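Here is a short tour of the protein model shown below. Keep the viewer open as you read, and look up each residue as it comes along.

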Protein chains: 2
Amino acid sequence: MINYKAPLRDYRFVLEEVLEVAQLAALPGYAEATPEIFASVIEAAGTFCEHVLLPLNASGDREGCRYESGVVRTPRGFKAAYDRYRQDGWTAVDGDPEYGGQGLPHTLYYCVAELLFSANLSFAMYPGLSSGAYRALRAHGNAEQQALYLPRLLAGTWSGTMCLTEPQCGSDLGLIQTRAMPDGDGVYRVTGTKVFISAGEHDLTENIVHLVLARLPDAPPGTHGISLFLVPKFLVAKDGTLGIRNAVSCIAIEHKMGLKASATCAMSFDEAIGTLVGAPNTGMHQMFTMMNVSRLGVALQGLGLGEVAYQNAVAYARERLQGRALTGAKMPGKVADPILVHPDVRRMLLTMKANTEAARALCSWIGLSIDVAEKHPDDATREAADDLVALLTPVMKAYFSDAGFTAANLALQVFGGHGYVSDNGIEQLVRDARITQIYEGTNAVQALDLVGRKLPMHKGRLLKRFLGIIGAFIQENRASPDMGEFTAPLGEVVGELQQVTGTLGQRAAQNPDEAAAVAGEYLKLLALIALAFMWARMAKIALAKVGGDENDFYQAKLATARFFMARILPETASLTAIIAAGARPLMELDVDGF
Amino acid sequence: MINYKAPLRDYRFVLEEVLEVAQLAALPGYAEATPEIFASVIEAAGTFCEHVLLPLNASGDREGCRYESGVVRTPRGFKAAYDRYRQDGWTAVDGDPEYGGQGLPHTLYYCVAELLFSANLSFAMYPGLSSGAYRALRAHGNAEQQALYLPRLLAGTWSGTMCLTEPQCGSDLGLIQTRAMPDGDGVYRVTGTKVFISAGEHDLTENIVHLVLARLPDAPPGTHGISLFLVPKFLVAKDGTLGIRNAVSCIAIEHKMGLKASATCAMSFDEAIGTLVGAPNTGMHQMFTMMNVSRLGVALQGLGLGEVAYQNAVAYARERLQGRALTGAKMPGKVADPILVHPDVRRMLLTMKANTEAARALCSWIGLSIDVAEKHPDDATREAADDLVALLTPVMKAYFSDAGFTAANLALQVFGGHGYVSDNGIEQLVRDARITQIYEGTNAVQALDLVGRKLPMHKGRLLKRFLGIIGAFIQENRASPDMGEFTAPLGEVVGELQQVTGTLGQRAAQNPDEAAAVAGEYLKLLALIALAFMWARMAKIALAKVGGDENDFYQAKLATARFFMARILPETASLTAIIAAGARPLMELDVDGF
């Protein structure tokens with residue numbers, strides 16, 4: 001069975017020591033968001049995750065969702081857990097107080113989200129989708145839509161979906177065929193089939209709010225002709241009471257590799273009644289409002305899965321006795337040493353630890369930047385924060401979902417055959433993690449977003465801004481001899497990235513395949529730099545605190561930072577070599593030669 | 001649904017053009033093993049795999065094995081398929097004619113094995129285990145054991161197992177607790193519990209021959225006190241007729257991530273009657289007779305899974321229309337281009353193709369070397385061939401099982417969400433492939449075998465021999481300007497390996513952790529060299545044949561060879577950097593710091 005303890009100490013380290021989250025309380029509306037509030041909310045979320053959600057994760061996987069005649073039943077215990085989740089206010093953490101939210105920073109919601117994803121990813125999908133729908137309607141809905149829907153989404157009595165994918169289109173939303181016909185009085189009739197709709201139908205809430213991409217009759221072709229519609233499962237009267245069932249139904253649920261307790265639905269819209277969200281033909285823009293934060297959410301899923309995989313692998317490596325340390329028995333009184341003595345087991349554990357702890361710091365930093373970008377009174381400060389978020393969102397989505405899958409597989413490898421059998425719960429982590437590399441835009445799509453959109457944006461301002469922050473940090477710490485082992489490799493890799501970026505820009509100007517051919521490698525290179533920067537920042541704090549209270553905690557941070565620099569960061573050597581090779585090796589082979 | 005066609009053309013290329021398999025017919029007993037026989041046997045195996053085994057793969061996964069009161073039932077259709085497999089002679093391909101085998105080269109059996117593993121890995125486990133038991137008894141059994149058991153194993157009416165693992169010991173077999181008490185007349189009573197026993201119980205054969213590692217009462221502790229016992233499910237009279245049930249029973253089967261149609265059994269031996277195989281306390285040696293060829297078998301599993309993953313991913317990439325080529329629409333008449341136009345999809349497909357085709361060549365070369373090592377009249381030639389086999393077996397087991405898992409995951413990524421759902425069969429490949437990185441010695445154990453045993457063996461003769469062959473090839477082709485793009489990077493990486501090997505030897509002499517800490521990276525480095533060598537050899541053949549018949553086939557080989565050199569081989573840059581970092585980053589962190 002999987003065990004899990006929320007990483008409370010590490011969150012205090014990241015939030016209070018590394019990022020100085022206290023600054024958030026200075027932003028308008030966030031006066032209550034003190035470090036103490038952060039710590040107590042995260043602790044309460046941890047208790048809920050450990051005691052309510054974790055015990056339902058394995059049973060939810062075994063049982064899965066059941067479909068019968070349009071009705072979807074979640075696994076035993078999910079409804080009760082969801083009711084408690086909702087009643088305890090977890091659906092409203094960072095919601096607008098105007099609509100019943102608690103008005104806490106988004107940063108805090110992301111910390112809570114990591115814990116949810118560690119304990120039960122399938123469960124967390126349901127409120128996660130509602131949160132996306134809330135954000136889209138909060139940003140683009142009209143007053144009536146907001147007044148009717150936002151309070152109920154925040155209360156969690158209604159849930160939300162994002163209906164994008166159709167059988168013939170996933171990555172290429174320009175191919176959407178679902179149609180919306182005006183029916184007078186601001187009402188539209190939506191007709192089409194959507195697939196892979198998470199939480200499309202279930203038994204957790206009274207109503208489900210579908211946000212549906214569809215085409216108006218006169219829409220231009222491609223992505224510029226897509227509009228967003230709000231289509232409720234039950235029609236809603238002006239006072240919020242539920243009316244008759246709308247003409248939208250779940251026609252099947254998918255049988256999947258993992259995430260089995262999350263209902264993945266095929267939805268049929270048959271002249272379903274909907275209303276337009278925002279202006280016609282701007283659906284792609286509105287969808288990205290949901291999508292960007294959802295991508296950060298997937299990054300947090302990778303982090304959460306990495307954390308729970310790590311905790312269980314360490315526990316197993318401490319108790320499993322097998323072989324002897326090569327340098328002499330460490331526990332001569334026992335039949336064998338714990339496998340934690342073996343260098344390769346340490347390599348696997350440290351890989352998880354080094355990625356997970358840096359990911360937590362980076363996600364929290366970007367969370368903070370989202371709050372700053374939304375609330376800070378100074379335009380330039382908001383812009384700077386927004387640049388960071390825009391640049392690093394695809395990087396974090398892709399790299400952390402990859403790292404989460406890798407961590408789950410490393411945990412399985414630490415367990416050996418005992419990880420491959422289902423009883424220990426590790427193989428479920430692998431199966432659940434696998435989808436994170438695909439949904440909310442495949443990781444290849446993230447890389448194209450980075451290289452094709454984020455790099456050229458504002459003449460390269462986003463990247464320059466990020467590298468400027470790193471450069472300033474290196475400069476600041478130039479006089480510290482202890483920091484050299486962290487800042488030197490970081491500075492070197494930043495130099496390589498700058499060189500590569502220049503070459504790539506020149507090549508891509510002549511042939512767009514050149515950018516696409518190495519986009520994935522470029523994204524990894526930038527991710528490694530971001531993580532190395534986080535480790536350098538964390539090492540700085542740790543260096544100042546070793547020798548005092550909790551010496552072991554800070555020594556461990558330093559050892560992990562060194563591991564990252566010595567064993568993970570060198571992947572950049574291969575990445576730069578591969579980027580240098582360019583597009584030709586990929587494009588030479590004729591279609592028939594495959 | 002998964003589709004599969006046996007790679008007949010590629011096998012002709014590898015066997016007839018690259019490796020000149022005709023030379024085998026010169027070995028004693030192999031006169032019949034002409035290239036024509038190879039081609040016709042592989043074709044027949046392909047037909048069997050495509051029409052009989054492949055259709056049972058998805059249903060076998062869905063249904064799994066069923067356990068009730070000690071009885072294990074394989075999924076529907078498995079018994080009928082096994083009967084046909086046996087009747088068609090597939091259990092006897094490379095068996096000794098003295099015991100009813102067909103006496104064909106092992107090389108040919110390995111080619112057939114790849115096809116079996118592509119079509120239905122779970123099914124192939126049953127005869128695969130029998131083959132291991134046959135080899136162990138053929139090498140170490142006494143005359144009576146051989147006369148009774150070998151013909152029935154080759155006929156496939158009886159099957160075999162390897163009973164090694166116990167609940168408290170997997171990688172560390174020194175901890176084995178199963179006991180064997182002499183009971184007079186050469187009979188032993190075996191008592192203990194074995195777990196993770198593939199094919200430990202099933203309904204495919206009349207009898208099951210368990211080869212069991214156990215301790216005699218006076219055995220020294222650790223691995224030097226382990227003996228091998230033959231324990232049949234049903235006792236066998238001297239004329240081969242079956243007697244009463246022996247005191248060995250299956251007490252449970254595992255529920256696993258994948259490989260669900262292969263019964264993984266917990267076996268209880270309760271004073272079961274057995275006979276000793278070989279001398280007392282030499283069980284580890286005998287076990288390695290099975291294990292070495294089994295490791296090559298796992299390498300072939302990785303290859304087979306990589307091939308079937310590739311074939312399905314290519315087919316999907318041709319038919320799935322999504323987005324447009326960045327350089328302009330390739331199919332302007334359709335709503336979108338096939339995803340095969342996208343550089344990242346090509347990267348994924350080419351990664352599978354480049355690994356798979358080189359793996360096939362390397363496995364076949366090592367297969368050939370096994371035959372030469374067994375049959376060649378010249379001592380030095382046999383020794384040279386055996387050196388290659390010993391050096392590269394752990395390399396191939398680890399690297400190809402990793403590559404098979406990677407290929408399955410790349411195929412899933414090409415399919416996107418359609419790969420994550422179960423209908424298309426791709427996610428099953430991922431789940432099935434995952435165990436290959438663990439069983440027959442985890443991939444970390446393979447790396448330790450390479451670095452700790454194979455490198456120092458005969459003062460480094462094995463590696464010197466292999467690098468000598470590569471050096472001679474580079475030398476031979478020095479005058480060919482066309483070969484430079486393949487031999488230059490190969491030569492460069494060989495130089496790096498030599499340097500790394502020297503440094504590693506010095507460091508490891510002072511601290512054994514130094515070797516263990518980078519063993520995995522060293523193994524990968526050697527694997528990449530072996531594959532680069534195969535691509536250079538294949539490129540040489542292709543260069544001589546482009547412009548003639550089948551020009552496209554040879555052009556594809558060259559493009560794939562170039563892809564390997566430009567996009568896969570550069571991983572060596574990171575590996576050498578990580579190896580240089582040594583053990584310290586892994587060993588610094590205190591046990592409590594994890």
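## A covered strand in chain B

This is a predicted model, and a good place to start is strand 11 of chain B, which covers residues 264-277. Ten of the 14 residues in strand 11 of chain B are buried, so that the strand is mostly covered.

Which strands pair with strand 11 of chain B? Strand 5 of chain B (residues 188-198) pairs with strand 11 in the antiparallel sense, over eight bridges. Within that pairing, Val190(B) sits opposite Ala272(B). Strand 10 of chain B (residues 248-253) also runs antiparallel to strand 11, and five bridges join the two; here Ile253(B) has Cys265(B) as its bridge partner. Strand 7 of chain B (residues 227-232) is antiparallel to strand 11 as well, over three bridges, and Leu230(B) is partnered with Thr275(B).

## A loop residue beside the strands

Val187(B) is found in the loop between strand 4 (179-182) and strand 5 of chain B. Is Val187(B) buried, exposed or partly exposed? Its relative accessibility is 22%, and because buried means under 20%, Val187(B) counts as partly exposed.

Leaving out residues up to four places away in sequence, Val187(B) touches Met181(B), Pro182(B), Ile273(B) and Gly274(B). Although Val187(B) and Ala272(B) are 85 residues apart along the chain, 9.9 Å separates their C-alpha atoms.

## Cysteines without disulfides

How many disulfides are there over all chains? The count comes to zero. Take Cys163(B): the closest cysteine sulfur belongs to Cys265(B) and is 9.2 Å away, which is too far for a bond, because a disulfide needs the two sulfur atoms within 2.5 Å. Cys163(B) is also buried, at 0% relative accessibility.

Cys363(B) is likewise in no disulfide, and the nearest cysteine sulfur, in Cys111(B), is 9.4 Å from it. With a relative accessible area of 2%, Cys363(B) is buried.

## The largest nonpolar core

Nonpolar side chains in soluble globular proteins tend to be buried together. In this model the largest nonpolar core has 443 residues. The residues with the most contacts inside that core are Leu349(A), Phe466(A), Leu349(B) and Phe466(B). Helix 10 of chain A (residues 379-415) gives the most to the core, with 20 residues.

What does Leu349(B) contact, leaving aside its neighbours within four places in sequence? In its own chain, Leu349(B) is in contact with Tyr310(B), Ala313(B), Val314(B), Ala317(B), Leu340(B) and Val414(B). Leu349(B) is also in contact with Phe594(A), from chain A.

## Where the two chains meet

The contact between the chains takes 88 residues from chain A and 88 residues from chain B. About 7300 Å² is buried between them, and carbon and sulfur atoms give 61% of that area. On the chain A side, Tyr420(A), Arg567(A) and Phe594(A) lose the most area to chain B, together 13% of what that side buries. Phe594(A) is the residue listed above as a contact of Leu349(B).

There are charged pairs here too: four salt bridges cross the interface of chain A and chain B. The side chains of Glu588(A) and Arg562(B) meet in a salt bridge, at 2.5 Å from N to O.

## Buried spots in the helices of chain A

Helix 12 of chain A (residues 426-434) is mostly covered, with nine of its nine residues buried. Among them are the charged-type residues Glu427(A), Arg431(A), Asp432(A) and Arg434(A), along with Ile426(A) and Leu429(A).Ile426(A) is touched by Asn312(A), a residue of helix 8 of chain A (residues 283-319). Asn312(A) counts as buried at 6% relative accessibility, and also touches Met1(A), Ile2(A), Asn3(A) and Phe415(A), not counting residues up to four places away in sequence. Asn312(A) and Asp371(A) are 59 residues apart in sequence, and 33 Å lies between their C-alpha atoms.

Finally, find Ser369(A) in helix 9 of chain A (residues 343-375). Ser369(A) is buried, at 7% relative accessibility. Beyond residues up to four places away in sequence, Ser369(A) touches Ala385(A), Leu388(A) and Val389(A).

Methods. Residues are numbered from 1 along each chain as its sequence is written. Chains are lettered from A and ligands numbered from 1 in the order in which they are written. This is a predicted model: local features need pLDDT of at least 70, side-chain atom pairs count only at pLDDT 80 or more; totals for chains, interfaces and linings use all residues. Side-chain values use heavy atoms; hydrogens and water are left out. A nonpolar core is a set of buried Ala, Val, Leu, Ile, Met, Phe, Trp, Tyr and Cys residues joined through side-chain atoms within 4.5 Å. Buried means under 20% relative accessible area, exposed over 50%, partly exposed in between (1.4 Å probe, protein chains only). Helices (H or I, at least four residues) and strands (E, at least two) are DSSP runs, numbered from the N terminus. Contact means heavy atoms within 4.5 Å. Two strands pair if DSSP finds at least two bridges between them. Buried area is the accessible area (1.4 Å probe) that two parts lose on being put together, summed over both.
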